[in-house]
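Trainee: Could you take me through one part of this model closely? I would like to hear about the main nonpolar core and what surrounds it.

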Amino acid sequence: MGGPSAEREVSLSSGTACAAALRGEGFEVTEVDAGRDLCAALTDLKPDAILNCLHGRWGEDGCVQGLLEWMGLPYSHSGVLASALAMDKQRSKAAFASVGLPTLDSIIASSADVRARHVMAPPYVVKPNNEGSSVGVYLVHEGANGPPKLSADMPEQVMVEAFAPGRELTTTVLGDRALTVTDILTDSWYDYDAKYKPGGSRHVVPAELPPEIFDLCMDYALRAHTVLGCRGVSRTDFRWDETRGADGLILLETNTQPGMTETSLTPEQAQACGMSFGQLCAWMVEDASCHR
């Protein structure tokens, strides 16, 4: 847990919560804050399995997965290729498109160009191509006078994506089955604070949707999980413009390391399906393997 990414604090929260839940299920747990000495720390520990609670770069993009494969340590969640593919938003979109899943138009542009001019007609969203948790996301509204003022710590290359209006929906896949659909209600943009601060958003689980839309979310999430080659748990996010019916349902992205904090969506969905937080964590540990 932890690690050096922009999502370090959320990862620490996920790791602490999962460790406590696993101890409640009878597991012997050691919490490891992943630093440059990670290989040495794991060599000393000789664990039976790794529950990967890292989020963001290095922990979610295939890097730590490659290290664990090299060391022969069974680990949870997706393997090297699926992790790298899902973390690269533009390449994962190409995979989704290959099986007919609906995505938004987007381009990769330099941060300098995005700061200088509208590289796409507003409204659009600017975000890093390889971070999660709404880190560094800028919404440019229709009629905006000028381009967004990106912070200095944004990467040199960013994704610029057409804005999709509508409701925020998400579906977790556990192994080979989709769990349910959550409708995420916020006062404005579903940003970092809305995701992780208590009261930042309200979740309706299961979502109150027309059966066709509910079923499409379940189908799309499972197909996305499969085409990326995901293993263990993943969570796929959608936007739905209800004025357009089924044509208004758009797949945004698939997360191979969903948040595991008390306000996180995946544990809520598991609980709605009769699986406690402890049972979910135990399932992920028992599912751990190499060659994922």
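Mentor: What follows starts at the core and then moves to the charged pairs and two helices.

This is a predicted model. Its largest nonpolar core has 24 residues. Leu169, Val181, Leu209, Phe238 and Leu249 have the most contacts inside this core. Six elements are worth listing, as each gives two or more residues: α5 (89–98), β5 (167–174), β6 (177–185), α8 (211–228), β8 (233–240) and β9 (249–255). Helix α8 supplies the largest share, nine residues.

Take leucine 169. Leaving aside residues up to four places away in sequence, leucine 169 touches Val181, Thr182 and Asp183, then Leu209, Ile213 and Cys217. Thr236, Asp237, Phe238, Trp240 and Leu249 complete its list of contacts.

Phenylalanine 238 deserves its own look. Its relative accessible area is 0%, so phenylalanine 238 is buried. A search of the whole structure finds one aromatic pair. The partners are tyrosine 220 and phenylalanine 238: ring centres lie 6.4 Å apart and the planes meet at 40°, so the pair is tilted. Tyrosine 220 sits in helix α8 and phenylalanine 238 in strand β8, 18 residues apart, so the pair links distant parts of the chain. Tyrosine 220 has 11% relative accessibility and therefore counts as buried.

There is a second, separate core of 17 residues. Among its members are Leu22, Leu174, Met260 and Ala270.

Now the charges. The structure holds eleven salt bridges. Glutamate 161 and lysine 127 form one of them, with N to O at 3.1 Å. This pair links distant parts of the chain: glutamate 161 belongs to strand β4 (residues 157–162), lysine 127 to strand β2 (residues 124–128), and 34 residues separate them. Glutamate 161 and lysine 127 are both buried.

Next, aspartate 237 and arginine 235. Their side chains meet in a salt bridge with N to O at 3.2 Å. Both aspartate 237 and arginine 235 are buried. Shared partners also build a network: salt bridges join Lys93, Lys127 and Glu161.

Glutamate 242 and arginine 167 form a further salt bridge, at 3.5 Å from N to O. Glutamate 242 is in the loop between β8 and β9, while arginine 167 is in strand β5, so this pair ties together parts 75 residues apart in sequence. With 46% relative accessibility, glutamate 242 counts as partly exposed.

Then the helices. Helix α1 (residues 8–24) has 17 residues, which at 1.5 Å a residue should span 24 Å; the C-alpha atoms at its ends are 24 Å apart, in agreement. Buried residues of α1 include Val10, Leu12, Ala17, Cys18 and Leu22. Leu22 is also a member of the second core. After α1 comes glycine 26, with a positive phi near 95°.

Helix α3 (residues 63–71) has Val64, Gln65 and Leu68 buried. Viewed down the axis of α3, these residues fall within an arc of 105°, so they line one face of the helix. An α-helix has 3.6 residues a turn, so residues three or four places apart point the same way. The buried residues of α3 pack against α2 (38–45) and α4 (80–87). Just after α3, glycine 72 has a positive phi of about 70°.

How values were computed:
Residues numbered from 1 in each chain as written. Predicted model: local features only at pLDDT ≥ 70, side-chain atom pairs only at ≥ 80, totals over all residues. Heavy atoms only, no water. Core = buried A, V, L, I, M, F, W, Y, C linked by side-chain atoms within 4.5 Å. Buried < 20%, exposed > 50% of the residue type's maximum accessible area, 1.4 Å probe, protein only. Helix = DSSP H or I, 4+ residues; strand = E, 2+ residues; numbered from the N terminus. Contact = heavy atoms within 4.5 Å. Expected span 1.5 Å × (residues − 1). Arc of directions from axis to C-beta. Salt bridge = Lys/Arg side-chain N within 4 Å of Asp/Glu carboxyl O. Phe/Tyr/Trp six-rings, centres within 6.5 Å; stacked < 30°, edge-to-face > 60°.
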